[in-house]
Amino acid sequence: MSRTLPPDDQLQALHQQAVQALSPATLARLRSARHATAASPRRPAWWMATAFAGVAALGIGLSLQLRSPPSSVPAVAPMVAALESDGTALDENPDLYLWLASTDLAME
C-alpha cells in the first residue's frame, strides 16, 4: 500500500533523492558557490534609481528654464500709463460694456 504524501512532503522527498544522487565533487562546488554568494557584500541598488531621478529632474528643470517665454511686463506698462494719464482707455471700446451687460460678471 503506497501512502500519498502532501505536495510539500513529496517535493522534500524528491529533493532528498536528488541530493543523494549527486557526486561529492558536485556538492562541494555547489557549497562553495553558495558560500561565495552569501559572503559577497550586496550594494544597494536604490542609489542608482535616486541618482537617475535627480539627473532627470535637473534636465527637465533646465529645459523648462531655457524655454520660458520672456516676461510680459513691458506689454502691461503702456496700458497702465494710458489708464493713469486720462482714463479714456475703457471708454474707447463700447463692445466691452455690451459684453459686460450680456453676462452676469458685472453683478459679481
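**Figure 1. Five helices and zero strands make up the secondary structure of the protein.** The model shown is predicted. Read from the N terminus, the elements follow the order α-α-α-α-α. Of the 108 residues in the protein, 0% are buried. The accessible surface amounts to about 10,100 Å², and carbon and sulfur atoms account for 66% of that area.

**Figure 2. Close-up of helix α1, residues 7-21.** This helix holds 15 residues, which at 1.5 Å a residue should span 21 Å. The end C-alpha atoms of α1 lie 21 Å apart, so the span agrees with the expected value. Helix α1 is hardly covered, with a count of zero buried residues among its 15.

**Figure 3. Close-up of helix α3, residues 46-67.** The helix has 22 residues. From the first C-alpha of α3 to its last the reach is 32 Å, close to the 32 Å expected at 1.5 Å a residue. Cover is slight here: α3 is hardly covered, and the number of buried residues among its 22 is zero.

**Figure 4. Close-up of a nonpolar surface patch made by Trp46, Trp47 and Met48.** The patch has an area of about 420 Å². Trp47 is located in helix α3. The relative accessible area of Trp47 is 47%. Trp47 is classed as partly exposed because this value falls between the 20% limit for buried residues and the 50% limit for exposed ones.

Key
Residues numbered from 1 in each chain as written. Predicted model: local features only at pLDDT ≥ 70, side-chain atom pairs only at ≥ 80, totals over all residues. Heavy atoms only, no water. Helix = DSSP H or I, 4+ residues; strand = E, 2+ residues; numbered from the N terminus. Expected span 1.5 Å × (residues − 1). Buried < 20%, exposed > 50% of the residue type's maximum accessible area, 1.4 Å probe, protein only. Patch = residues over 30% accessible without salt bridge, like charges linked within 9 Å, V, L, I, M, F, W, Y side chains within 5 Å. Areas by Shrake-Rupley, 256 points an atom, 1.4 Å probe, with all protein chains shown as cover. Salt bridge = Lys/Arg side-chain N within 4 Å of Asp/Glu carboxyl O.
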